[in-house]
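Reader: I am new to reading protein models and would like to look closely at a single part. Could you take me through one and then follow its connections outward?

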Amino acid sequence: MLSFMGIGAQKAGTTWLHANLARHPRIGFPGGKEVHYWNARRAVLPEQWYRDLFATGDGRVNGDITPAYSTLEPEVVARIGALFPDLRILFLLRNPIERAWSAALMALGRAELTLGEVSDQWFLDHFHSRGSLLRGDYARTLAIWCEVFPARQMRVLFYEDIRADPMGLLRRVANFLALEPTSAWTPEVVAAPENAGVGVPLPPNLRKVLLDIYRPRIAALEACLDQNLSHWYNSDD
């Protein structure tokens, strides 16, 4: 059955997390990464299809890591909780300013455009889009999911730890899932990037726009987590 769910955030290292958890012999991803059931496929596939997907019967701890789940509405999260009351939730966070920039660059590439072909207004429109704003509103996501799942079933992780202590992060996840770390997690393997961005620096004028957008959202997250995240305001990620 479904044991855990990774709900985001987009461009916050979920591909890295999936790749490394998939190396654990006791962890399974029957639907691959990003099943997208609850945000898209639910309209055309019954809930039983989703439940059957994880009924593998092989004793593995099965998961679904789909960053778009961070944008789900409360009634959808409530339905997930009704079906899977013991589900464990992983929420991997990244500085929302850098996340928004990385996501915009990804969208640029998917549109088959280059930096030289778009103006700053293209980025401003993307930054202010509903999808981008929802994906960076971590406090909203936590408020919705915490209404359904108790704190003991949720873990908030940080993108910075993938760089600073990847092995430590994976060990915390393994402990959360009641598993022992695997020998497949060697220092060389876990240090390797997955789906890395293009590495284009965020221009100062666009950083100012994103800072104005996300300053109150970061403050709301600080209050939610009771944690100082002021380094995000000046970080280059």
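Which residue in β3 does Phe4 stand opposite?

Author: Please keep in mind throughout that this is a predicted model. Phe4 stands opposite Gly63 in β3, and that pairing is a good place from which to begin with strand β1, which covers residues 2-6. β1 and strand β3, the latter made of residues 61-65, pair in the parallel sense over four bridges. β1 also has a second partner, since three bridges join β1 to strand β4, residues 88-93, and these two strands likewise run parallel. Within that second pairing, Gly6 has Leu90 of β4 as its bridge partner. Strand β1 is mostly covered, with four of its five residues buried. In a regular strand, side chains point alternately to one face of the sheet and to the other.

From β1 we can step to helix α3, residues 74-83, as the buried residues of α3 pack against β1, and also against α2 (47-53) and α7 (138-146). The buried residues in question are Val76, Val77, Ile80, Gly81 and Leu83. They lie on the same side of α3 because they cover an arc of only 165° around the axis. The face of α3 that is turned away from this buried side carries Glu75 and Ala82, which are exposed.

Helix α3 is tied to α2 by charged side chains as well, for Glu47 forms a salt bridge with Arg79, in which the closest N and O atoms are 2.8 Å apart. Because Glu47 lies in helix α2 and Arg79 in helix α3, this pair ties together parts that are 32 residues apart in sequence. Arg79 itself counts as partly exposed, because its relative accessibility is 33%, and "buried" is kept for values under 20%. The pair is also part of something wider, in that Arg42, Glu47 and Arg79 are linked in a network of salt bridges.

Across the whole structure, a search finds nine salt bridges, and two others help to put the one between Glu47 and Arg79 in context. In one of them, the side chains of Glu34 and Lys33 meet at 2.5 Å, N to O, and Glu34, at 31% relative accessibility, counts as partly exposed. In another, Arg207 forms a salt bridge with Glu98, the closest N and O atoms being 2.7 Å apart. This pair links distant parts of the chain, as Arg207 is in helix α11 (residues 204-225) and Glu98 is in helix α4 (residues 96-110), 109 residues apart. Arg207 is buried, with a relative accessible area of 15%, and Glu98 counts as buried at 6% relative accessibility.

Finally, we can return to Phe4 and look from there to His24, which is 20 residues away in sequence and 14 Å away in space, C-alpha to C-alpha. His24 is found in the loop between α1 (14-21) and β2 (27-28), and at 5% relative accessibility His24 counts as buried. Leaving aside residues up to four places away in sequence, His24 touches Leu179, Glu180, Pro181, Thr182 and Trp185. Within its own stretch of chain, the side chain of His24 reaches the backbone nitrogen of Arg26 at 3.0 Å.

Definitions and conventions:
Residues are numbered from 1 along each chain as its sequence is written. This is a predicted model: local features need pLDDT of at least 70, side-chain atom pairs count only at pLDDT 80 or more; totals for chains, interfaces and linings use all residues. Side-chain values use heavy atoms; hydrogens and water are left out. Buried means under 20% relative accessible area, exposed over 50%, partly exposed in between (1.4 Å probe, protein chains only). The arc is that of the directions from the helix axis to the C-beta atoms. Contact means heavy atoms within 4.5 Å. A salt bridge is a side-chain nitrogen of Lys or Arg within 4 Å of a carboxyl oxygen of Asp or Glu. A polar contact is a pair of N or O atoms within 3.5 Å; within protein, one must be able to donate a hydrogen and the other to accept it, and residues adjacent in sequence count only if both atoms are side-chain atoms. Two strands pair if DSSP finds at least two bridges between them.
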